[in-house]
Amino acid sequence: MERKLLENFVERFDDFSKWDGKKQVDYFAYFLATETSSESFTAKQIQDCFDALSLKQYARAAVYLSENSSNKSGRYIKSKTGYRLERSVFDDIKQQVNNEPKKVQVSQHLTDLVSKIKDSQEKSFLVEALNCYRVEAYRAPIILVGILAIDHLQKYIFGQKLNDFNSVLAKNPDKKVQKIVNYDDFADLSEVRFIELMRSANIVSNDVRKILDEKLGIRNSAAHPSGIVFTGHKTTEFALDIINNILLKY
């Protein structure tokens with residue numbers, strides 16, 4: 001049995017490790033029937049699947065297979081060499097598997113960087129963005145990460161650089177807000193204006209301002225229906241830039 005194939009198979013399903021043991025056995029049986037050349041499988045091979053994934057063994061796996069190959073439910077058919085899934089059960093699992101969204105691998109570099117984020121809410125937000133990436137919904141992580149970048153900087157300024165920011169804002173008053181008093185006051189500033197004020201206050205460098213301007217444009221394109229195609233490579237590059245130059249820097 002190819003362990004990597006098995007890992008890729010179970011990664012298609014959310015919370016596979018928390019499934020009922022019987023359901024795990026059924027899906028392992030389907031995996032063995034479709035991904036190996038053997039016409040049947042044994043209880044030992046099912047146990048090997050649990051071991052390969054470091055999952056807690058379903059203690060009644062052998063009994064479950066035996067009981068369900070002899071009673072009316074007939075989920076399994078017993079042969080001289082082991083067990084096979086009954087055709088209707090096989091077809092039902094096949095339909096469930098095919099209905100699962102295809103998941104793709106996220107860059108290991110990107111996954112490693114997410115683990116370095118200290119703020120639990122930001123980390124949770126990024127994990128949700130990566131889950132969108134895994135089903136190839138590439139616009140979603142671009143929008144989410146772009147929103148997070150601005151939110152992160154607003155929190156940073158409110159906590160550490162508010163006087164510097166307000167000093168520049170007082171010299172260049174905005175029609176809607178003259179001074180940031182409460183965190184929610186940032187909502188009255190456009191993102192473009194917010195970035196300009198940060199740069200004027202020397203809170204961010206000109207290079208970071210350029211990154212923010214570029215990413216804001218990409219995020220806005222992703223947020224509106226258009227003919228622009230967003231790929232995994234472009235999404236990874238976008239997220240890496242934001243995490244390295246914003247989230248882990250300020």
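**Salt bridges and helix packing in a predicted model**

Good morning. The structure before us contains eleven salt bridges. It is a predicted model, and I shall begin with the charged pairs before turning to the helices.

As a reminder, side chains of opposite charge can pair when their charged atoms come close. In helix α1, Glu7 is bridged to Arg3, with 3.1 Å between the closest N and O atoms. These two residues are four apart in α1, about one turn of the helix. The geometry behind this is general: an α-helix has 3.6 residues a turn, so residues three or four places apart point the same way. Both partners are partly exposed, Glu7 with a relative accessible area of 21% and Arg3 with 47%.

A second pair belongs to helix α5, where Asp91 and Arg87 form a salt bridge at 3.5 Å, N to O. Here too the residues are four apart, and about one helical turn separates them. Asp91 is partly exposed at 37% relative accessibility, whereas Arg87, at 53%, counts as exposed.

The third pair is in helix α9, residues 191-200, where Arg193 and Glu196 are three residues apart, about one turn of the helix. The closest N and O atoms of their salt bridge are 4.0 Å apart. Is Arg193 buried or exposed? Its relative accessibility is 17%, and since buried means under 20%, Arg193 counts as buried. Glu196, at 43%, is partly exposed. Elsewhere, Glu214, Lys215 and Asp241 are joined into one network by salt bridges that share partners.

I now return to α1, this time for its packing. Which residues of this helix, spanning 3-10, are buried? They are Leu6, Phe9 and Val10. Viewed down the axis of α1, these buried residues fall within an arc of 85°, so they line one face of the helix. They pack against three helices: α2 (21-35), α3 (43-52) and α5 (87-99).

Two of those neighbours, α2 and α5, also meet each other. Two packed helices are described by the angle between their axes and the distance between the axes. For α2 and α5, the axes come within 10 Å and cross at roughly 90°; the two helices are therefore roughly perpendicular to each other. On the α2 side the contact is made by Asp26, Tyr27, Tyr30, Ala33 and Thr34, and on the α5 side by Phe90, Ile93, Lys94, Gln96 and Val97. By character, the residues of this contact comprise six nonpolar, two polar and two charged.

Thank you for your attention.

Terms used:
Residues are numbered from 1 along each chain as its sequence is written. This is a predicted model: local features need pLDDT of at least 70, side-chain atom pairs count only at pLDDT 80 or more; totals for chains, interfaces and linings use all residues. Side-chain values use heavy atoms; hydrogens and water are left out. Buried means under 20% relative accessible area, exposed over 50%, partly exposed in between (1.4 Å probe, protein chains only). The arc is that of the directions from the helix axis to the C-beta atoms. Contact means heavy atoms within 4.5 Å. Axes are lines fitted to C-alpha atoms, for helices over the stretch in contact, and angles run from 0 to 180 degrees between N-to-C directions. Angles under 35 degrees count as roughly parallel, over 145 as roughly antiparallel, 65 to 115 as roughly perpendicular and the rest as oblique. Ala, Val, Leu, Ile, Met, Phe, Trp, Tyr, Cys and Pro count as nonpolar, Asp, Glu, Lys and Arg as charged, and the others, Gly among them, as polar. A salt bridge is a side-chain nitrogen of Lys or Arg within 4 Å of a carboxyl oxygen of Asp or Glu.
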